[in-house]
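Grab your viewer and work through these short exercises. Each one sets a task and then walks through a solution.

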Amino acid sequence: MPINVNPIVLHEPLRFNQGGQADPYSFARDTMQNGTAEAAVYNTKKLEDAVHEMGLKIKHHEENIKFLKSQKNGLDNSILDMQVALGKYQTASESGSENAELSHVRSEEETIEHILKHEKSAAGIWCQLKTHPQASHLPLMKDVLGIVAMLGKVDDDNLSRLISDYLGLETMLAIVCKTYDGIKALEAYDKEGYINKTSGLHGLGASIGRPLDGRFLVICLEKLRPYAGEFIADDPQRRLNILKPRLPNGESPPGFLGFAVNMVNIDSVNLYCATSTGYGLRETLFYSLLSRLHIYKTREDMLQALPCIREGAISLDGGMIKHNSVFSLGKRELDVKFPKSSGRSNLPQNYFEIERQMKEMKWKKERTVEDMQREQALLDHARFNFDIKKQEYLKFLAQSSSYATQHSFRQEGNA
């Protein structure tokens, strides 16, 4: 067909049939009837560009999926390597830690037994309720983190008794709640301000034959002022980086072993996010209870360090200073103490770091799989649209060619 010198560009869109689909034949016929080959070229180019653009979208999603698959494979390999490394540590430590692990389990059971002996205590009732499967669904149980005595462990049995003695039985049996709402759920009052013995922990105690009697301590984590300093770098237990004590002459006191708050081991689940704001038990509960309590080898060492003791001290041979110039004398037997730590505390420090990294990589893998699923859905949608647009384009070319041939024959016949 001859091409006009001054092309007329049509901007009329494709017509649509009753089903809502583009009608390439009508569009091609109208284009040719207008006598503008340039318009046909223009609209052909438009369809070509649309098909090309959809093809680029498909390529983009395919490349994203390829990248995400590569990322997932890398994470799988790293997770596998870490599992192998952890397996080696576990195998190497199993033979030497079986007795320690057994001792740890027995120590926990012993602590629970001693708590249960305090039949009418809140801690005894809570421990008894924990053995009932239905109790975990009770609203007042969900906010309770545990009993102070069960939230920490100590490597040395003697040191465990000393720290427990320093805190006292009432504190060791204290219930720890995450929020103030948990405290309100433990005890309710009537209009006159008397305790409602049929609800809360009082009601539950009565229902299992262990009526609650007397006062009991409840600690609210969200109301505690957390430790504001730094943590010891690369320490799997997130121990607090507290400045070591110094005597007036600038020297470190002889026999100083460390701070009690750092000698309590905490389960990994409570190391980081015991509170909704992301604080762990060490910098909240145990820092509030033990603060900067010093540990010394002997009474003699402790007494020599008096000038730098501000918030209490204990010695391994039984010496105790509650506060500066307040001494605790005599001997006291305390039945409730912290359980002994498991053999896991003797594993290399990087064991726990590898564990943490592996959990983080598993989380990243889950997010990567989710991203792959989203990209696959977008790719499927783009391919579907591409196929429709491609069919429209091919049909338009076919109909345009057919109509142009018929129109050319008519012109020759009329001539």
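The protein exposes about 24300 Å², with carbon and sulfur atoms supplying 52% of that area (Shrake-Rupley, 1.4 Å probe; for residues, only the protein chains shown count as cover). Keep in mind that this is a predicted model: local features need pLDDT of at least 70, side-chain atom pairs count only at pLDDT 80 or more, and totals for chains, interfaces and linings use all residues. Numbering starts from 1 along each chain as its sequence is written, and side-chain values use heavy atoms, with hydrogens and water left out.

**Exercise 1. Work out whether helix α8 is enclosed or open, and find what covers it.**

Step 1: locate α8 at residues 200-207; helices are DSSP runs of H or I with at least four residues, strands are E runs with at least two, and both are numbered from the N terminus.

Step 2: check burial, where buried means under 20% relative accessible area, exposed over 50%, and partly exposed in between (1.4 Å probe, protein chains only). Gly200, Leu201, His202, Gly203, Leu204 and Gly205 are buried. That's six of the eight residues, so α8 is largely enclosed by the rest of the structure.

Step 3: look for the cover, which includes α3 (122-130), α4 (139-142), β2 (175-177) and α7 (180-186).

Step 4: go just past the helix, and you'll find Gly209 with a positive phi of about 75°.

**Exercise 2. Lay out the five-stranded sheet and say which strands stand at its edges.**

Step 1: trace the order, β4-β5-β6-β7-β8, in an open sheet with mixed pairing (two strands pair if DSSP finds at least two bridges between them).

Step 2: pick out the edges. β4 (256-259) and β8 (326-327) each have a single partner strand, so one side of each is left without a neighbour in the sheet.

Step 3: zoom in on β4 and β5, which run antiparallel and are joined by three bridges. Phe256 has Tyr296 of β5 as its bridge partner.

**Exercise 3. Place Ser291 and decide whether it is buried or exposed.**

Step 1: find Ser291 in the loop between α9 (282-290) and β5 (294-296).

Step 2: read off its relative accessibility: Ser291 counts as buried because the value is 15%.

Step 3: list its contacts (heavy atoms within 4.5 Å). Beyond neighbours within four places in sequence, Ser291 touches Val261, Phe286 and Glu311.
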